[in-house]
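Visitor: Please take one part of this chain and go through it closely. Say where it sits, and which way its residues face.

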Amino acid sequence: MTRFKVIYFIYDADSGILNEIKYWINKNMLKKNNACELCDISHGKFFVKFEWLKFVEELKTKYQVKVLHRNELPIYVQEKNFQLPCVIGESDQGLKEIIKKTEFKDLENLNSIEELRAKFFKQIL
């Protein structure tokens, strides 16, 4: 079993208030197909979900947790060219995908933090 020190939740969206407004308009008003599956899970139409914050806080009792947007990634994570969104674990052996982009598409209910939580713990055990 790999012992992760850091867990990265990586959004397929850019950070910053202007980028967030642009993303919201494209998704909700213009109905462009630019949705980030992790965004759909962690956020409602306007705000971050309380259940998401609770899940991240739970993980922080065992790991360093970084929730990042694609334009915030450290170079050593960027160099791996992971498809986004994804969940990455960092251990002494390097970086490993815990949940891949394709697995986000497999989640039946994209707003289910409980389903994401179950998949996460299944993958790391």
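Guide: A residue is called buried when its relative accessible area is under 20%, exposed when over 50%, and partly exposed in between, with a 1.4 Å probe and protein chains only as cover. The model is predicted, with local features needing pLDDT of at least 70 and side-chain atom pairs counting only at pLDDT 80 or more, while totals for chains, interfaces and linings use all residues. Residues are numbered from 1 along each chain as its sequence is written, and side-chain values use heavy atoms, leaving out hydrogens and water.

The part to look at is helix α3, residues 50-59. To place it, start with the whole chain, which has 6 helices and 4 strands. Helices here are DSSP runs of H or I with at least four residues, and strands are runs of E with at least two, numbered from the N terminus. In that direction the order is β-α-α-α-β-α-β-β-α-α. Of the 125 residues in the chain, 40% are buried.

In α3 the buried residues are W52, F55, V56 and L59. Around the axis they cover an arc of only 95° (taken from the directions from the helix axis to the C-beta atoms), so they sit on the same side of α3. An α-helix has 3.6 residues a turn, so residues three or four places apart point the same way. The face turned away from this buried side carries F50 and K54, which are exposed.

Helix α6, residues 113-124, can be set beside α3. Its buried residues are I113, L116, F120 and I124. Looking down the axis of α6, these fall within an arc of 60°, so they line one face of the helix. E114 and K122 lie on the other side of α6 and are exposed. The 12 residues of α6 reach 17 Å from the first C-alpha to the last, close to the expected 16 Å, a figure given by 1.5 Å times one less than the number of residues.

Another exposed residue is L18, with a relative accessible area of 68%; this residue belongs to helix α1, residues 17-29.

The strands include β3 (residues 86-91) and β4 (residues 94-99), which pair in the antiparallel sense over 5 bridges; pairing requires that DSSP finds at least two bridges between two strands. E90 has L95 in β4 as its bridge partner. A hairpin of 2 residues joins β3 to β4.

To return to α3: W52, F55, V56 and L59 are its buried residues, and the opposite face has the exposed F50 and K54.
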